[in-house]
Amino acid sequence: MPRKSVRDHVARKYLARRLAVFRFVILAVIISVALQIGYFVVLRPEPYRSLAEHQHIIEVKVPGRRGTIYDRHGKPLAFTGEGLTVEVVDTVSVKDSVRLSRWGINVKRTALHRRIEGLSPFLWDSLRNIRSIFRTLRYNRRYYPCGDACSDIVGKVRGLHGVSGMEYGYDSVLAPGYTVRRYLRDASGKVYPMPVSLFSALREYLFHREAADGRDLHTTIDMDLQRLSYRLLKERVEQVDARGGMVVVADAKTGDILVYSSVGSLRRNHIFNYEPGSNFKVVVYTEGLERGIRPEDTCSITDGLLSLGKGVQIRDLSPLKDKSTWYWALVKSSNACASKLALMMDSIRKNGLYRRALLYGFGEPANIGLPEDPVRLEKLSRYRTWRKVKIANMAIGQGIYVNPIQMVRAYITIANDGRFIFPKLVQGPVRYYPIRTVASKETFRTLKEMLVGVVDSGTGRWAKIRGIKVAGKTGTAQKYDRRARRYSMAKSLTSFIGFFPAEDPKYVIYVLIDEPKKVRTGGTAAAPLFKKIAKGIVKLDSLKNGYSPR
């Protein structure tokens, strides 16, 4: 065979072997890649499948309509209307980020999958050309027609659930259900409906259910009266240069809470505790009247000074002098006489003051559906360890913590001659305690006469209304200074609580003014606001129901 032919033959065999090796390597690589893919797809699909879905699939919660909150007359306090939901599905450009900020949508350029709900539907057309966001128009914007006047009691919503006020307290009633919709995003960031098979489309058609709507809530709040009280409260807080204030108005017959309004330092998203001051004296006087004291009996403290030993004294701002009966002691709000009465009852060893406080409902939660601080009242088993100073302080509203609903509940009980009625925020039948007897009817009738005297001749005379008999009690609770470890003479929580008409009570009004600077007492700071709100109620009633003062 010629030498050239041999070389060609050898070269062809060498190339054939090289090609066979190359084919084997390629086949081995393909098999290896296929096995690797099969391993991750079949045996270990996570986390790669989730990562792929996270990049290309968008899940959107489509809620139903959240329930509407109505006032007692059927006016909406909060309702759900059309709103725009925006979800960031890609990196936002600098130009688009500036455009979004002009419309109040502040997002980081890299804040992927951030959802912003409840935007104005008027932004729909403006946001259409922004590539980085996904838009959907749903019934998820919450509107509050009552505005700031009702914001503390109605509360707010974040996402699908309430975070404060009635929105939070009754979230299980108001919250809607939701369905999850899936969308596909391509590499350019555009979003498309998720492709489905014929079987999936048929199943969706036959069995798909829309998200359930939340249930409506019919409250006892009177929106007109709430707005009026809020406006008058803001004016009064500014007039006396106070840190804040609160007003609670309740129906004395049913326990319906008509107004729950606050401003400044007392504007909280929950029911809070505080020391009530002299409003609490009705407890010790109820116990005293039940034990047999009479309003005309003497307290025997004319100089306004009660010594508790070891240098501890209870002082009155104005001594009673010759008017030292129990009647004038309450009318003039004598701290010394109230403390003496508490110590007299304690000497009988019947736990009088503490037991009567429990009967009034102090130590029990407000239980109106709103978040609240834990009840702060010491257990009965610890009562016998109390010292004289604690008993004397508790009688005048120091060293005991209450909340506004507990105080309103106590004065509703007085207004109804001892019938224990539970305040409520949601419309329904009257809730009362059928067994509990706080005190006798005769005791409450006497106590009401004494509270009328507080307004006619005592510390509450700034709450007096011409033509209407008002019963009530002032309160000036000195705040405890933790640094000085004593009660402050400069800072106080002033209050007035009362009901009218006294002979047939219809309304209970509780006013709190926090740290007023221009005036210092509950009579001068809170009682005038009580009078304005009461006159406003009379005017509104005359327009709605034809009610007129006797």
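Which residues of helix α13 are buried? The close-ups below, all taken from a predicted model, start with that question and then visit other parts of the chain.

**View 1. Helix α13 and its buried residues.** Helix α13 spans residues 388–395, and its buried residues are I391, A392, N393, M394 and A395. Look around them and you will find their cover, which includes helices α9, α11 (335–346) and α12 (352–360). Strands β13 (305–309) and β14 (312–315) are also among the elements covering these residues. After the helix comes G397, and the phi angle of this glycine is positive, near 85 degrees.

**View 2. I412, a buried residue of helix α14.** Here we meet I412, which sits in helix α14, made of residues 404–415. I412 counts as buried because its relative accessible area is 0%. Who are its partners, once neighbours within four places in sequence are left aside? I412 is in contact with A250, D251, A252 and G255, and also with R419, I421, P423 and V508. F499 makes a nice landmark too: 87 residues separate I412 and F499 along the chain, yet their C-alpha atoms are 8.2 Å apart.

**View 3. S265 in its loop.** Follow the chain from strand β12 (257–264) towards helix α9 (281–291), and in the loop between them you will find S265. Is S265 buried or exposed? With a relative accessible area of 16%, S265 is buried, because it falls under the 20% cut-off. Apart from neighbours within four places in sequence, the contacts of S265 are R243, G244 and D514.

**View 4. A nonpolar patch on the surface.** Now for the surface, where V21, F24, V25, V29, V33 and I37 make a nonpolar patch of about 550 Å². Take V25 as a guide to this patch: V25 belongs to helix α1, which covers residues 3–43. V25 is partly exposed, as its relative accessible area is 42%. A helix rule is handy to keep in mind while looking: an α-helix has 3.6 residues a turn, so residues three or four places apart point the same way.

**View 5. A patch of positive charge.** Which residues gather in a patch of positive charge on the surface? They are R483, K491, K517 and R520. One of them, K517, lies in the loop that links strand β17 (507–514) to helix α16 (522–525). K517 counts as partly exposed because its relative accessibility is 46%, a value between the 20% and 50% limits.

Notes: Residues numbered from 1 in each chain as written. Predicted model: local features only at pLDDT ≥ 70, side-chain atom pairs only at ≥ 80, totals over all residues. Heavy atoms only, no water. Patch = residues over 30% accessible without salt bridge, like charges linked within 9 Å, V, L, I, M, F, W, Y side chains within 5 Å. Areas by Shrake-Rupley, 256 points an atom, 1.4 Å probe, with all protein chains shown as cover. Salt bridge = Lys/Arg side-chain N within 4 Å of Asp/Glu carboxyl O. Lys, Arg positive; Asp, Glu negative; His and termini not counted. Charge placed at Lys NZ, Arg CZ, Asp CG, Glu CD. Helix = DSSP H or I, 4+ residues; strand = E, 2+ residues; numbered from the N terminus. Buried < 20%, exposed > 50% of the residue type's maximum accessible area, 1.4 Å probe, protein only. Contact = heavy atoms within 4.5 Å.
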